[in-house]
Amino acid sequence: MTIISVVLGRTFHYVDDVLPFRLGGNDLPVDDIAAVCLLVYFGVSTLLDASSSDGMKAEEEQKEAELAVSEFSGNGAGLLSAASTIVSTFALVFVAEWGDKSFFSTIALAAASSPLGVIGGALAGHGAATLLAVLGGSLLGTFLSEKVIAYIGGTLFLVFAAVTVIEIVS
């Protein structure tokens, strides 16, 4: 998913290079401006969702994920059961991530930044988030509410938008 979104972002960046948008004789970095707009949108919408959420969404998503994985994965402890669980978890995560905020954010960052840096950062971020979810999701949930995590995420989207604006004007 990360590679796909980086390729889409870089394609958007190269199209901007081939077909530059000019305003008053100046080239406007449309890919960078689109990235900022997307990041600001995600930041504001995440903060608004956090301020109006009731905390039940995470529990509902967890139940749906557990049900989906249990339907497709084996219940035993053998190699076949492990392989079945891996395949079903991959399919569930791949479909769930397609078109979400991290997918579009990776496209936006790849359009405006180094593709290798975006790949490395996105893989590290997904890896850390997955590790936290698998190893300490329920424990972490006792210390941080979904609302707090959403506020942190929304703020980070806005920080990334601000950094991109600074890179555009410098």
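**Legends to close-up views**

**View 1. Thr106 touches Thr2, Ser5, Val6, Val118 and Ala122, residues up to four places away in sequence not being counted.** A contact here means heavy atoms within 4.5 Å. This is a predicted model, in which local features need pLDDT of at least 70 and side-chain atom pairs count only at pLDDT 80 or more, while totals for chains, interfaces and linings use all residues. Residues are numbered from 1 along each chain as its sequence is written, and side-chain values use heavy atoms, with hydrogens and water left out. Thr106 belongs to helix α5; helices (DSSP runs of H or I, at least four residues) and strands (runs of E, at least two) are numbered from the N terminus. Thr106 is buried because its relative accessible area is 8%. For every residue described, buried means under 20% relative accessible area, exposed means over 50%, and partly exposed is in between, with a 1.4 Å probe and protein chains only.

**View 2. The surroundings of Ala110 in helix α5 (residues 101-112).** Is Ala110 buried or exposed? Ala110 has a relative accessible area of 0% and is therefore buried. Outside its neighbours within four places in sequence, its contacts are Ser5, Val6, Gly9, Arg10 and Val118. Val7 is 103 residues away from Ala110 along the chain, yet the two C-alpha atoms are separated by 7.8 Å.

**View 3. Helix α1 (residues 2-18) and its buried residues.** The helix has 17 residues, which should span 24 Å at 1.5 Å a residue, and its end C-alpha atoms are 24 Å apart, in agreement. The expected span is taken as 1.5 Å times one less than the number of residues. The buried residues of α1 are Thr2, Ser5, Val6, Gly9, Arg10, His13 and Asp16. Seen down the axis, these buried residues fall within an arc of 130°, so they line one face of α1. The arc is that of the directions from the helix axis to the C-beta atoms. An α-helix has 3.6 residues a turn, so residues three or four places apart point the same way.

**View 4. The lining of the largest cavity.** A cavity is a set of points, on a 1 Å grid over the protein atoms alone, where a 1.4 Å probe fits but cannot get out; lining residues have an atom within 4 Å of a point. Grid points are joined across faces, edges and corners, and the volume is the space filled by probe spheres set on the points. How many cavities of 30 Å³ or more does this rule give? The count is 1. The largest cavity holds about 40 Å³ of space. Its lining consists of Met1, Thr2, Ser5, Glu97, Ser102, Phe103, Thr106 and His126. The elements giving two or more residues to this lining are α1 and α5. Helix α5 gives the most, with 3 residues.

**View 5. Helix α2 (residues 30-52) and what covers it.** Helix α2 has 23 residues and reaches 33 Å from its first C-alpha to its last, close to the 33 Å expected at 1.5 Å a residue. Its buried residues are Asp31, Asp32, Ala35, Val36, Leu39, Phe42, Gly43, Ser45, Thr46 and Ala50. Their cover includes α1, α5 and α7 (146-169). Thr46, which lies in α2, is buried because its relative accessible area is 9%. With neighbours within four places in sequence left aside, Thr46 is in contact with Lys101, Ala150, Gly153, Gly154 and Phe157.

**View 6. Aromatic pairs, of which a search of the whole structure finds 3.** Tyr41 and Phe42 form a tilted pair, 5.6 Å centre to centre with 50° between the planes. Rings of Phe, Tyr and Trp (its six-membered ring) pair if their centres lie within 6.5 Å; planes under 30 degrees apart count as stacked, over 60 as edge-to-face and the rest as tilted. Tyr41 counts as exposed because its relative accessibility is 54%, whereas Phe42, at 7%, counts as buried. Phe103 and Phe104 form an edge-to-face pair, 5.4 Å centre to centre with 75° between the planes. Phe103 is buried, with a relative accessible area of 5%, and Phe104 counts as partly exposed at 34%. Ring pairs also link Tyr41, Phe42 and Phe157 into a cluster.

Note on methods:
On a 1 Å grid over the protein atoms alone, a cavity is a set of points where a 1.4 Å probe fits but cannot get out, and a pocket is an open set with protein on both sides within 12 Å along at least five of seven lines; lining residues have an atom within 4 Å of a point.
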